Amino acid sequence: MFLKKEYQNKQSLKRINLVFASFFFSLMTLCVKKTDDSIPIFELVFFRSFLSLAITSLIIKRRKISPWGKNKPLLIIRGLLGTLALVCIFYAIRNMPLNIATVIQYTYPIFISIFAAIFIKEKITKNIVIALIIGWLGIFLIINPYQLSYLNLKINYLTILIAFVGAISTALAYVTVKKLSSTEDIFIIIKYFPLISIITLSPIVFINWVTPNINDLIWILGIGIFTQLGQTFLTLGIKNLPASQAATINYLQVIFGSIIGIVIFSERININFLSGAILVLLGTIISSSKMPKKI
């Protein structure tokens, strides 16, 4: 009885960690949205990566881990995919209503199921096919021309495409993390993300440099801090928790993002948005139900 209660308490703690992760990631999106449009997206990603690399490097040094890892080519690919995903996500957040950008980003578990089948030979099940149909129906309800017109929104379809590239890149990054997790320390995997971001983005950032003012520096610092907190709580929460439960709890970011969008940015939602978000959530749950626990 005591052991059962202790297990339930640990499971509850993992769920609470995921709630905090969703909350902090939502605050990160708020910070991105609040930065001045004159600051290039590449520069925001660069600053975020610099802070993350500094924190992760300190952790690696304290743990006395070899800093370069074993499978360097795949680690570099993971870093490139993460960089592309973050650039696309930040772009979508800045150029779309926060609630819509967040829903599109949370199609990534469905893409994970597809790419896991292609690259690591996981079986495509009936659940995945059903999830694809339901998820895309939800997306259509949210971003069809009638819905956007009703909400008086003008979103460039290139922006929508970039948002989906962000979700696809996120899914591919998760698959590479799954592959790497069998041979690499988790902090080495985390480190390569900001390291590759800094290396690849430095030329672009310095050529197009815009000096942030004090107000923007505060928001940029918030991006770094809240992202790191979100990743920390996500790592603590997702370990040994069924993926279907984790995906469901992580979807709280859509709720938090919608609340922030309504309260701070005066964004509108209607029954189509709510119905579409529920369908995407349902697709996420169905697709995640057969995924490995530690993806």
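Tutor: Helices here are DSSP runs of H or I with at least four residues, numbered from the N terminus. Keep in mind that this is a predicted model.

Student: Okay, so how do the elements of the protein run from the N terminus on?

Tutor: They go α-α-α-α-α-α-α-α-α-α-α-α-α. That makes 13 helices and zero strands.

Student: And what share of the 295 residues is buried?

Tutor: Buried residues account for 51% of them.

Student: What about contacts between residues at least 6 apart in sequence, how many of those join residues at least 24 apart?

Tutor: 92% of them do.

Student: Let's look at some helix pairs. At what angle do H4 and H6 cross?

Tutor: Roughly 165°, with the axes of H4 (residues 98-105) and H6 (residues 126-143) coming within 11 Å. Angles over 145 degrees count as roughly antiparallel, so H4 and H6 are roughly antiparallel to each other.

Student: Is that crossing left-handed or right-handed?

Tutor: H4 passes H6 in a left-handed crossing.

Student: Which residues meet there?

Tutor: From H4 you have Ile100, Val103 and Ile104, and they meet Ile139, Ile142 and Ile143 of H6. By type, the residues of this H4 contact with H6 are six nonpolar, no polar and no charged.

Student: Now H2 and H9. How do their axes sit?

Tutor: The axes of H2 (residues 41-63) and H9 (residues 186-207) come within 8 Å, crossing at roughly 145°. The crossing of H2 and H9 is left-handed too.

Student: What kinds of residues make up the contact of H2 with H9?

Tutor: A mix: 18 nonpolar, six polar and four charged.

Student: Switching topic, where is threonine 170?

Tutor: Threonine 170 is in helix H8, which spans residues 157-180.

Student: Buried or exposed?

Tutor: Threonine 170 counts as buried, because its relative accessibility is 9% and the cut-off for buried is under 20%.

Student: Which residues does threonine 170 touch, leaving out those up to four places away in sequence?

Tutor: Ala85, Ile89, Gln105 and Tyr108. With glutamine 105 there is also a polar contact, side chain to side chain, at 3.2 Å.

Student: And tyrosine 174, which helix is that in?

Tutor: Tyrosine 174 is in H8 as well. Its relative accessible area is 22%, so tyrosine 174 is partly exposed.

Student: What separates the C-alpha atoms of tyrosine 174 and tyrosine 108?

Tutor: 9.2 Å, with the two tyrosines 66 residues apart along the chain.

How values were computed. Residues are numbered from 1 along each chain as its sequence is written. This is a predicted model: local features need pLDDT of at least 70, side-chain atom pairs count only at pLDDT 80 or more; totals for chains, interfaces and linings use all residues. Side-chain values use heavy atoms; hydrogens and water are left out. Axes are lines fitted to C-alpha atoms, for helices over the stretch in contact, and angles run from 0 to 180 degrees between N-to-C directions. Helices (H or I, at least four residues) and strands (E, at least two) are DSSP runs, numbered from the N terminus. Angles under 35 degrees count as roughly parallel, over 145 as roughly antiparallel, 65 to 115 as roughly perpendicular and the rest as oblique. A crossing is left-handed if the near helix is turned anticlockwise from the far one by less than a right angle, and right-handed if clockwise. Contact means heavy atoms within 4.5 Å. Ala, Val, Leu, Ile, Met, Phe, Trp, Tyr, Cys and Pro count as nonpolar, Asp, Glu, Lys and Arg as charged, and the others, Gly among them, as polar. Buried means under 20% relative accessible area, exposed over 50%, partly exposed in between (1.4 Å probe, protein chains only). A polar contact is a pair of N or O atoms within 3.5 Å; within protein, one must be able to donate a hydrogen and the other to accept it, and residues adjacent in sequence count only if both atoms are side-chain atoms.
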